[in-house]
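Welcome, and take a moment to turn the structure around before reading on. We will go through it one part at a time.

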Protein chains: 4
Amino acid sequence: MTRMSTATKTKVEQSSERRDEILAIAARLISRRGYSATTVRDIAEEAGILSGSLYHHFASKEAMLQEILHGFMDRLLTRYDEIAANATDPRAGIDALIECAFETIDREPAAVGLYQNEAAFLSTQPGFEFLLAESTRIEKIWIAQLRAGQEAGVFRAEGDPAVTYRFIRDAVWATVQWYRPGGRHTVASMTEQFLKLLHDGLSTR
Amino acid sequence: MTRMSTATKTKVEQSSERRDEILAIAARLISRRGYSATTVRDIAEEAGILSGSLYHHFASKEAMLQEILHGFMDRLLTRYDEIAANATDPRAGIDALIECAFETIDREPAAVGLYQNEAAFLSTQPGFEFLLAESTRIEKIWIAQLRAGQEAGVFRAEGDPAVTYRFIRDAVWATVQWYRPGGRHTVASMTEQFLKLLHDGLSTR
Amino acid sequence: MTRMSTATKTKVEQSSERRDEILAIAARLISRRGYSATTVRDIAEEAGILSGSLYHHFASKEAMLQEILHGFMDRLLTRYDEIAANATDPRAGIDALIECAFETIDREPAAVGLYQNEAAFLSTQPGFEFLLAESTRIEKIWIAQLRAGQEAGVFRAEGDPAVTYRFIRDAVWATVQWYRPGGRHTVASMTEQFLKLLHDGLSTR
Amino acid sequence: MTRMSTATKTKVEQSSERRDEILAIAARLISRRGYSATTVRDIAEEAGILSGSLYHHFASKEAMLQEILHGFMDRLLTRYDEIAANATDPRAGIDALIECAFETIDREPAAVGLYQNEAAFLSTQPGFEFLLAESTRIEKIWIAQLRAGQEAGVFRAEGDPAVTYRFIRDAVWATVQWYRPGGRHTVASMTEQFLKLLHDGLSTR
DNA sequence: CATGAATGAGTATTCATTCAT
DNA sequence: CATGAATGAATACTCATTCAT
């Protein structure tokens with residue numbers, strides 16, 4: 001992973017429609033083939049320009065990746081914060097977080113898929129420290145709801161909330177790999193089936 | 001270092017200890033950085049030889065990847081087949097499949113991690129058709145157990161077994177990203193906590 | 001430096017001056033050392049750029065070779081067709097074909113030399129089928145003249161025209177190995193001496 | 001072209017059946033694909049051994065090439081010397097040289113083909129000075145016969161014998177590319193047709 | 001804003017050769 | 001004599017990036 005040149009860093013801020021279009025293309029391609037396997041030429045081609053012209057919009061390939069991920073996590077955290085602030089009880093809170101995740105998968109599958117494939121490695125790389133910071137904040141929001149539910153007696157007391165959180169998180173986010181908007185499943189049906197399984201369990205009593 | 005099971009030892013490429021060592025190194029590196037981002041030089045260096053010398057053992061970088069994945073899936077399918085054949089009832093069957101998955105994560109985390117990151121894209125690539133074929137066979141084994149449980153009345157009837165399978169599969173396999181053998185959690189504790197959550201659900205009644 | 005005839009300028013790859021320059025350099029080097037022994041670095045160095053920069057102009061080393069050979073054969077066939085169409089009698093036709101060959105050797109010795117050394121093997125390789133196709137068309141043009149001459153009684157009837165053609169062809173083209181423009185011999189003197197030997201024979205009567 | 005190691009040069013002399021077999025294989029492959037394009041592994045494979053084992057017989061790939069070419073030219077020169085010594089008159093001398101060439105093509109087509117493709121470039125390379133030396137001796141033998149024929153009045157006086165020699169030489173040797181022993185043509189028929197064309201010419205009078 | 005030519009560092013792969021066994 | 005593992009230098013090719021136009 002190459003280091004960013006500081007000289008061109010001021011570009012990052014000037015948002016425009018063209019930039020967003022290109023970022024969406026980049027996210028889509030990277031989510032499919034992976035960051036290393038996606039070339040700057042692939043992205044440019046899809047955008048209908050030459051690869052060199054991309055550098056008029058972005059300082060580097062890595063800068064595009066950062067912008068995609070930062071935007072994605074910021075939006076997600078904003079929604080999660082809102083949910084946590086408005087949650088009337090832990091059960092409703094958890095359900096809302098889960099529904100929000102499914103909605104996010106539906107709304108921006110490319111960013112979700114990209115995050116899933118690349119985040120683990122990237123969070124150890126310079127320039128991507130924000131990934132760890134923001135995912136830790138997210139984890140705290142979830143665990144707070146889980147712990148509150150345990151204390152309120154609505155969630156079982158036995159499980160380690162951190163582990164429970166990860167089971168939930170991974171089961172939900174991973175659906176981006178097979179859930180296709182407009183297909184057999186909808187956000188509502190996915191959410192419903194997941195919540196039923198999560199809360200009531202697989203087994204009858 | 002993983003050794004190949006005798007079941008798959010009949011491959012065209014006769015396995016030697018050196019080959020297995022190199023494959024284990026390759027699997028470890030690729031599972032961390034991704035296939036494209038892992039260079040044959042990285043692998044060779046870790047094996048203590050020059051990159052060109054790898055080609056004495058393997059035809060190509062891609063051939064290494066195929067061998068790792070094929071070996072992994074073959075071993076897994078063998079175990080799953082055995083479990084399905086010996087399962088006394090659906091509940092025991094599902095539990096054994098889950099335990100087997102956690103054991104596999106414990107035994108060969110590199111192959112599991114690699115599979116998770118790369119399989120989705122690779123299965124569309126020529127030379128990796130076996131990925132789809134074998135994962136379909138695996139899916140069938142799981143769904144058969146789930147459906148049998150529904151019919152026997154021990155599993156809730158509402159959920160689509162295919163969807164339930166995917167929730168379970170992703171939650172379990174994804175633990176390879178954070179489960180560390182020798183750490184706080186063990187195969188037994190992970191299995192136990194997951195089974196409890198899965199069967200009884202998160203909520204109290 | 002050879003320039004492409006307008007007849008072949010309608011290729012997919014739009015020719016630019018830079019491309020033509022590089023192709024001429026490549027043809028020269030390959031004609032001397034052979035295709036395998038000529039590296040893309042050799043070609044790039046001679047062109048004053050780095051080897052990687054060649055790929056801005058050409059898809060591969062092989063693509064350069066194809067373009068050189070295709071261009072050469074197209075130009076040659078065009079001239080031969082014209083000669084055959086305008087030939088007043090077989091003797092004049094054969095003489096014009098021979099003169100044309102010597103002129104071609106004089107005008108583009110690199111392409112001729114390259115063709116001579118590589119065509120035999122290349123014509124069996126995928127992507128070079130046009131070599132066989134075009135050389136067959138050329139052979140037909142020559143043999144038609146030879147046969148017409150035999151029938152008209154101006155050429156001896158004994159010889160197999162196909163064999164005679166090959167004797168002529170090889171004697172003429174091979175001169176590219178030792179004929180040097182600007183040296184002792186000229187196109188005119190070479191043509192003259194060859195025609196005399198061919199038509200009247202070596203022996204006095 | 002790498003330089004030969006003097007340390008292993010003593011090997012060159014110990015001839016054996018196995019060596020000759022391998023040299024024949026090498027000559028065949030190199031005559032088809034060219035020296036650079038023929039790998040030492042290709043040769044070894046065809047000989048049924050591993051590439052490293054070749055170095056038990058030969059000091060290097062280049063040493064094999066030298067031995068093939070040296071042997072070929074030595075044999076040819078020996079025959080030519082004999083012919084020149086026994087020639088009763090120039091016409092018989094030239095005819096015998098030509099017949100000898102066709103016989104050589106028939107007997108060792110691989111060496112002839114190899115020589116034709118590689119000699120021009122190789123003769124400028126260190127270690128292959130003998131090519132120029134021997135081919136010059138050969139040229140002298142031919143030219144002597146041609147000049148003697150001119151002086152005796154049996155060959156036309158107009159042509160430059162050096163040029164005539166080259167026309168003959170190239171037409172004859174090049175037949176190795178298309179003459180197939182056991183096919184339509186024989187050494188005798190090729191010789192006959194060539195001699196008729198050469199001496200009497202193509203045109204009737 | 002975009003092009004097109006170029007860079008320079010890197011990538012996978014090849015190959016002649018060596019050498020301990 | 002032959003193997004098999006390794007070397008080291010070279011090979012074709014890729015790719016993020018730069019920059020004059």
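Buried area is the accessible area, taken with a 1.4 Å probe, that two parts lose on being put together, summed over both. Keep that idea in mind as we begin with two of the protein chains; the model you are looking at is a predicted one.

Let us start where chain A meets chain B. The area buried between chain A and chain B is about 3800 Å². Carbon and sulfur atoms give 61% of that area. Which parts of chain A are involved? The elements that give two or more residues to the side touching chain B are helix 1 (17–33), helix 4 (90–107), helix 5 (109–122), helix 7 (161–173) and helix 8 (187–200) of chain A. Among these, helix 8 of chain A gives the most, with eight residues. If you sort the residues on this side of chain A by class, you find 17 nonpolar, 13 polar and 13 charged.

The contact draws 43 residues from chain A and 43 residues from chain B. What kinds of polar pairing cross this interface? There are 22 residue pairs in polar contact between chain A and chain B, counting pairs with both residues at pLDDT 80 or more. Salt bridges across the interface of chain A and chain B, on the other hand, number zero.

Now turn to chain C and chain D. A rotation of 180°, with 0.1 Å of shift along its axis, superposes chain C on chain D with an RMSD of 0.1 Å. The two copies are therefore related as by a two-fold rotation axis. To find that axis in your view, look for Gly201(C): of the residues of chain C, it comes closest to the rotation axis, with its C-alpha at 1.8 Å. Of the interface residues of chain C, 100% are also interface residues in chain D, so the copies meet through the same surface.

Other pairs of chains stay apart. Chain B and chain C have no contact, and their closest C-alpha atoms lie 20 Å apart. Chain A and chain D do not touch either, with their nearest C-alpha atoms 32 Å apart.

Next comes the DNA, beginning with strand E. Which residues come nearest to this strand? Of the 30 residues around DNA strand E, the nearest are Ser53(A), Tyr55(B), Ser53(C), His57(C) and Tyr55(D). The surface near DNA strand E is made up of eight nonpolar, 17 polar and five charged residues. Among the strand's atoms within 4 Å of the protein, 69% belong to sugar or phosphate, and the rest to bases.

You can pick out some individual approaches to the phosphates of strand E. Polar backbone atoms of two residues of chain B take part: that of Val40(B) is 3.1 Å from a phosphate oxygen, and that of Lys61(B) is 2.8 Å from one. From chain C, His56(C) places a polar side-chain atom 2.8 Å from a phosphate oxygen of DNA strand E.

Finally, look at DNA strand F. Here the nearest of the 30 residues around the strand are Tyr55(A), Ser53(B), His57(B), Tyr55(C) and Ser53(D). Sugar and phosphate account for 70% of the strand F atoms that come within 4 Å of the protein. The surface near DNA strand F divides into eight nonpolar, 17 polar and five charged residues.

Phosphate oxygens of strand F lie 2.8 Å from a polar backbone atom of Lys61(A), 2.8 Å from a side-chain N or O atom of His56(B), and 3.1 Å from a side-chain N or O atom of Ser53(D).

Key: Residues numbered from 1 in each chain as written. Chains lettered and ligands numbered in written order. Heavy atoms only, no water. Near = heavy atom within 4 Å. Polar contact = N/O pair within 3.5 Å; in protein donor to acceptor, adjacent residues only side chain to side chain. Nonpolar A, V, L, I, M, F, W, Y, C, P; charged D, E, K, R; others polar. Contact = heavy atoms within 4.5 Å. Salt bridge = Lys/Arg side-chain N within 4 Å of Asp/Glu carboxyl O. Helix = DSSP H or I, 4+ residues; strand = E, 2+ residues; numbered from the N terminus. Least-squares fit on C-alpha atoms with pLDDT ≥ 70 in both.
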